[in-house]
Amino acid sequence: MAHMTNPLATVDQLYQRTSFSALPSDLQDLIFFTTQCLTQAAGVLLRIPQSVTAQANVILARYWLVDSPLSHEFSDASAASLYLVAKLSAHPCPPRDVCNVYAYLLSPSSPLFRGGGASDDKEKGDASSYYLSESAYAAFRSRIIALEARILYSLSFDTHVALPHPLAITYLQALDFLSVPKTRIAARCVAYLNTALLSPQLLYLTHQPNALAVAAIYNAARDIGAKMPECAWWEVFDVDREELGFLVVGMRSLEGWARKQRGEYEELSKGMITRAFVEAEMRKRGLRIGNGSDGTSGGQVEDEEAAMMRRMDERTAQSDE
């Protein structure tokens with residue numbers, strides 16, 4: 001049964017994440033949510049199965065329990081996680097495809113996180129906004145490869161992820177009391193499980209797949225209006241009432257939380273947030289950026305790469321002259 005369970009986050013890991021991190025909790029949650037959304041969008045454009053993208057979401061969440069999100073650019077961590085998981089699956093992606101997709105998603109032409117408008121319509125047809133030069137591709141690819149190795153090392157090369165989606169479908173087949181078409185409630189159930197991947201409450205790191213599957217079924221049944229028995233049917237699937245209640249609230253509260261974040265941070269309407277935006281926000285609050293393992297060395301690597309790319313562009317310009 002080990003293949004149906006996941007290694008969960010320990011109490012110490014969760015405590016250190018909230019108590020000893022240089023990042024405020026609200027910025028930490030915002031980084032997690034936007035980066036997981038970016039990973040999902042990249043998986044769609046790369047035509048990767050949702051099962052592979054979901055595993056990449058979980059791997060990234062586990063990695064950020066060990067290492068600070070500020071150690072690297074958020075989009076780089078997302079790309080490395082997706083590239084790593086896809087490589088280990090039956091649907092590997094070439095680095096060129098991964099880099100091109102992320103270049104588009106991070107460009108002004110991408111609709112990700114943008115509400116849309118007249119100015120956005122003008123930029124959608126500008127292919128130069130997401131053109132990736134050879135030097136930019138080489139730099140992006142080297143960052144992904146280095147981060148891939150770092151993720152594997154941080155997780156002790158344990159990339160096993162058991163998803164609750166198959167369990168949820170199996171449980172639905174055993175539940176005849178729902179009095180609605182199973183395809184309809186299954187689609188709603190899978191939607192809740194995919195939404196839980198984006199939750200900053202780290203639901204996939206604190207609960208086993210069977211509990212997530214039961215909570216998704218409960219939420220889906222409530223939304224559709226399916227009749228449920230008054231007995232504690234969830235105990236049949238080894239889930240107690242307290243755990244079920246927490247997961248039900250956690251899955252249903254994400255939409256309202258995301259809407260609130262969009263109202264508080266105008267940067268979200270401009271596209272994917274960056275490490276520079278988070279560091280600037282911390283300076284506004286008078287917080288020191290060099291605390292803990294926030295990755296000041298990561299910033300130095302960024303400067304070196306930018307200098308290398310500038311020198312290559314200068315040489316190209318000189319050769320053209």
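**Figure 1. Helices H5 and H7 pack against each other in this predicted model.** Helix H5 (residues 95-105) and helix H7 (residues 134-154) meet at an angle of about 105°, and their axes lie 10 Å apart. Angles from 65 to 115 degrees count as roughly perpendicular, so H5 is roughly perpendicular to H7. On the side of H5, the contact is formed by Pro95, Arg96, Val98, Cys99 and Tyr102. Their partners in H7 are Glu134, Tyr137, Phe140, Arg141 and Ile144. Seven of the residues in this contact are nonpolar and three are charged, while none is polar. Two packed helices are described by the angle between their axes and the distance between the axes.

**Figure 2. Helix H7 is shown along its 21 residues.** At 1.5 Å a residue, H7 should span 30 Å; this agrees with the model, because its end C-alpha atoms are 30 Å apart. Many positions along the helix can be examined for burial. The buried residues of H7 include Tyr137, Phe140 and Ile144, and these three also take part in the contact with H5. Further along the chain, Leu147, Glu148, Ile151, Leu152 and Ser154 are among the buried residues of H7. An α-helix has 3.6 residues a turn, so residues three or four places apart point the same way.

**Figure 3. Alanine 79 lies in helix H4 and touches residues of H5 and H7.** Helix H4 covers residues 74-88. Alanine 79 has a relative accessible area of 0% and is therefore buried. Leaving aside residues up to four places away in sequence, alanine 79 touches Val98, Tyr102, Phe140 and Ile144. Each of these four residues also belongs to the contact between H5 and H7. Alanine 79 and glutamate 148 are 69 residues apart in sequence, yet their C-alpha atoms are 9.0 Å apart in space. Glutamate 148 is one of the buried residues of H7.

**Figure 4. Alanine 86 is a second buried alanine of helix H4.** The relative accessible area of alanine 86 is 0%. Not counting residues up to four places away in sequence, alanine 86 touches Ile48, Val52, His91, Pro92 and Cys93. Threonine 53 is 33 residues away from alanine 86 in sequence, and the two are 8.0 Å apart from C-alpha to C-alpha. Val52 and threonine 53 fall within helix H3 (residues 50-66).

**Figure 5. Helix H3 is largely enclosed by the rest of the structure.** Of the 17 residues of H3, 13 are buried, which means that the helix is largely enclosed. From its first C-alpha to its last, H3 reaches 25 Å, close to the 24 Å expected at 1.5 Å a residue.

**Figure 6. Two exposed loop residues have a positive phi.** Serine 156 is found in the loop between H7 and helix H8 (165-174), just after H7. Its phi is near 55°, a positive value in a residue other than glycine. Serine 156 counts as exposed because its relative accessibility is 58% and the cut-off for exposed is over 50%. Aspartate 238 is found in the loop between helix H11 (209-224) and helix H12 (241-252). The phi of aspartate 238 is near 65°, again positive in a residue other than glycine. At 64% relative accessibility, aspartate 238 also counts as exposed.

**Figure 7. The whole protein contains 15 helices and zero strands.** Buried residues make up 49% of its 321 residues. Among the contacts with a separation of 6 or more, 79% join residues 24 or more positions apart. The mean pLDDT is 86, and 84% of the residues reach 70 or more. Over residues 291-302, however, the pLDDT is below 50. Beyond near neighbours in sequence, this stretch has 18 contacts in the model. Where pLDDT is low, the predicted coordinates should not be read in detail.

Definitions and conventions. Residues numbered from 1 in each chain as written. Predicted model: local features only at pLDDT ≥ 70, side-chain atom pairs only at ≥ 80, totals over all residues. Heavy atoms only, no water. Axes fitted to C-alpha atoms, helices over the stretch in contact; angles between N-to-C directions. Helix = DSSP H or I, 4+ residues; strand = E, 2+ residues; numbered from the N terminus. Parallel < 35°, antiparallel > 145°, perpendicular 65-115°, else oblique. Contact = heavy atoms within 4.5 Å. Nonpolar A, V, L, I, M, F, W, Y, C, P; charged D, E, K, R; others polar. Expected span 1.5 Å × (residues − 1). Buried < 20%, exposed > 50% of the residue type's maximum accessible area, 1.4 Å probe, protein only. pLDDT = per-residue confidence, 0-100.
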